[in-house]
Amino acid sequence: MDEGPQAEVSPVVHGETAAEKFTILHPYVAGGGVGSPFEDQPQQLTPQVVLRGIHLTSADENVFNGLEIEIDNLTAWSSLTGFTSTVNTKAMLGEAADYWVKYQLARPPAPGEVGALGGFDVELKWQSTFNPHVTQTHAGRQLKASELVKAKFQSETPVPWDSFLDVIKSFQDLLTFATRHPCAIRSCHLIASNEAIRTSGPIELIRSAFVEPKADAEAKWNKFLFRVSDVSFGELLGKWDKLRSDIDMGIHVLLGLDYESGGYLENKIMNAASAAESIHRGLHPKATGLPVEEYKASLLTIKEALEGDANSQWFLGRLGNDPGFMDRMRQLAGIPSHEAVLALLCDIDQWAKWLRDARNAIAHLEGKALAKIPQEARYQISTATKALLHLVFLAELGLSPEIQIRAVNMVYGGQTEGFRRAVRTRIAQKRTM
C-alpha cells in the first residue's frame, strides 16, 4: 500500500469473484484512482470491515438477526462434550493388567443453557466431525474425530452488522477473565434474517482482530478460574452484564493487564491501582469516608470557623467525603472469601499500604519513595492486586468460596509467593521493634 494522505470514498463498496460476493465497508483510498496524484495507477482501497458472502445496500442495513463465533478456550470452558472415556481401573489399582483408556463419541450432549448478554440471547452450540474411515499407516492405525463449541448470539429483530460488536467483546472479555488466556476470535459469521440471503451460504465478518489468533495449542483448563459446569450459565451472563456496566472503564483497565502482560513495571502498578479504585467506585458508588451525619456536623463546624475568611470557598471546595484509597482497598478485600484473600495477600493492610505508596510514588515520579517498598513486593504487587480484583469478580459473579480458594491455590499462589514472603518479613520486623 502507498503511504500518504488517505481520502475516504463511498462507505459501501461491492466486489465479486466467480463464486462470492463481498461488501467493503468504510474503505480509504491508499493510492491511485481518478483525481489522485497517482491517477495513472490502479486505485487501492484499505477496508476497515469486509462482509464476505453478501452485498449490503448500506452500512446500517437491518438484515441480521444472529452472529456465531469460534473463540479460544470455549470448547474446554463450556464443559459440553460428546466424548466419553473408560479407564482400565484394574491397572490403576496396580493389578496385573495392561493400562488403557477407551474413548468413544457418544450421543451429542444436551444443549447448553441459553443466557442473555447485552440485549442478545446467547447459546453455546456443540458440533462434531467424525471420519469413520480407518487410516492404515506403517506405524499404526488412525481413526479421527473432533468436536467444537461455538457461541451464537441472536436478536429478536433484524439489526445492522455492527450491533453485535459490543456483545462479542463482552463475551471475549468473560472468556479471557475465566480462562486466564487472551482469547482470540478465530471465526465470525453473521446470520441474515432474510431467507433469500441466508440460503446463499455463510456470511463471514472480517475485521481487524482485537487479539490476533496464534497457532492452536493445548487448552490449559487446570488454570481456568472456573468453568460453565461450576455455575448457571444464564445467571453468569446476567451478572457479568451488570458487573461490566457498573464498573465501566475499570474493567477495561484491569483486563488490559490480561490481554497484554508485558510492559514496564510502573505502568502495570498504575493500571492495577487505577483499576482497583475504579472498580470500588463502581461497586460502592455511595461509599463515604465518614458517616453522612458526622460529616455534615463537622462541615458545619468548619464553615462557622471560616465565616468571613476570604479563602473559605477554596477550603470548603476541598472537603469532600470520599473514602481514602486505603479505605477503598479494605472494602474491596472484604468482598471475596476472607480465607481466599488472606491466602493471596497474607495481610490486607500491608498490601493496601504498599499499593497506595507505589501508586503515589509513580504518579509523582518519586523513584526513591518507590524503592522503599521491598523489591519482591514491588515486582509482584500488580499481580497480587490483579488477582485480588479477580477474586472480587468471582464473588460478584456468584462463584463459591471454594472456587475462589482454588483459584488462589491453582493460579495465583506461585505468581505472588514473593509478595507474601515480603509481607511476612515486614510483619516479623514490626514484632521485633
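What polar contact joins the side chains of K169 and D173? In this predicted model, the side chains of K169 and D173 are joined by a polar contact of 2.6 Å, and the two also meet in a salt bridge, with 2.6 Å from N to O. K169 lies in helix α3, and because K169 and D173 are 4 residues apart in that helix, they are separated by about one helical turn. An α-helix has 3.6 residues a turn, so residues three or four places apart point the same way. Both K169 and D173 are buried. When neighbours within four places in sequence are left aside, K169 is in contact with F210, R244 and Y259.

One of those partners leads on to another helix, since Y259 belongs to α6, which spans residues 249-259. The buried residues of α6 are G250, I251, L254, L255, L257, D258 and Y259, and they pack against α3 (165-179), α5 (233-247), α7 (265-283) and α14 (375-396).

From here it helps to step back to the whole chain. The chain has 16 helices and 14 strands, and buried residues make up 39% of its 433 residues. Among the contacts between residues at least 6 apart in sequence, 72% join residues at least 24 apart. The accessible surface of the chain comes to about 24,200 Å², and 52% of that area belongs to carbon and sulfur atoms.

The interior can be followed through its largest nonpolar core, which has 103 residues, and in which L51, F64, W77, F153, F171, F226 and W351 touch the most other members. Helix α14 gives the largest share of this core, 10 residues. F226 shows what such a position looks like in detail: apart from its neighbours within four places in sequence, F226 is in contact with W77, L174, F177, A178, V231, L236, L394, L399, I403 and R406.

Charged pairs form a further set of links, and the count of salt bridges comes to 21. In one of them, D72 is paired with R186, the closest N and O atoms being 2.5 Å apart. This pair links distant parts of the chain, for D72 sits in the loop between β7 (64-71) and α1 (74-78), while R186 is in strand β13 (residues 185-192), 114 residues apart. D72 is buried because its relative accessible area is 10%, where the limit for a buried residue is under 20%, whereas R186, at 32% relative accessibility, counts as partly exposed.

Another salt bridge is formed by E277 and R359, whose closest N and O atoms are 3.0 Å apart. E277 lies in helix α7 and R359 in helix α12 (residues 348-363), so this pair ties together parts that are 82 residues apart in sequence. Both E277 and R359 are buried. Elsewhere, salt bridges that share partners join E376, E417, R420, R421 and R424 into one network.

The path ends at the surface, where F130, V134 and L143 form a nonpolar patch that together has about 270 Å² of accessible area. Of these residues, L143 has its place in strand β12, which runs over residues 141-159.

Terms used. Residues numbered from 1 in each chain as written. Predicted model: local features only at pLDDT ≥ 70, side-chain atom pairs only at ≥ 80, totals over all residues. Heavy atoms only, no water. Patch = residues over 30% accessible without salt bridge, like charges linked within 9 Å, V, L, I, M, F, W, Y side chains within 5 Å. Areas by Shrake-Rupley, 256 points an atom, 1.4 Å probe, with all protein chains shown as cover. Salt bridge = Lys/Arg side-chain N within 4 Å of Asp/Glu carboxyl O. Helix = DSSP H or I, 4+ residues; strand = E, 2+ residues; numbered from the N terminus. Buried < 20%, exposed > 50% of the residue type's maximum accessible area, 1.4 Å probe, protein only. Contact = heavy atoms within 4.5 Å. Polar contact = N/O pair within 3.5 Å; in protein donor to acceptor, adjacent residues only side chain to side chain. Core = buried A, V, L, I, M, F, W, Y, C linked by side-chain atoms within 4.5 Å.
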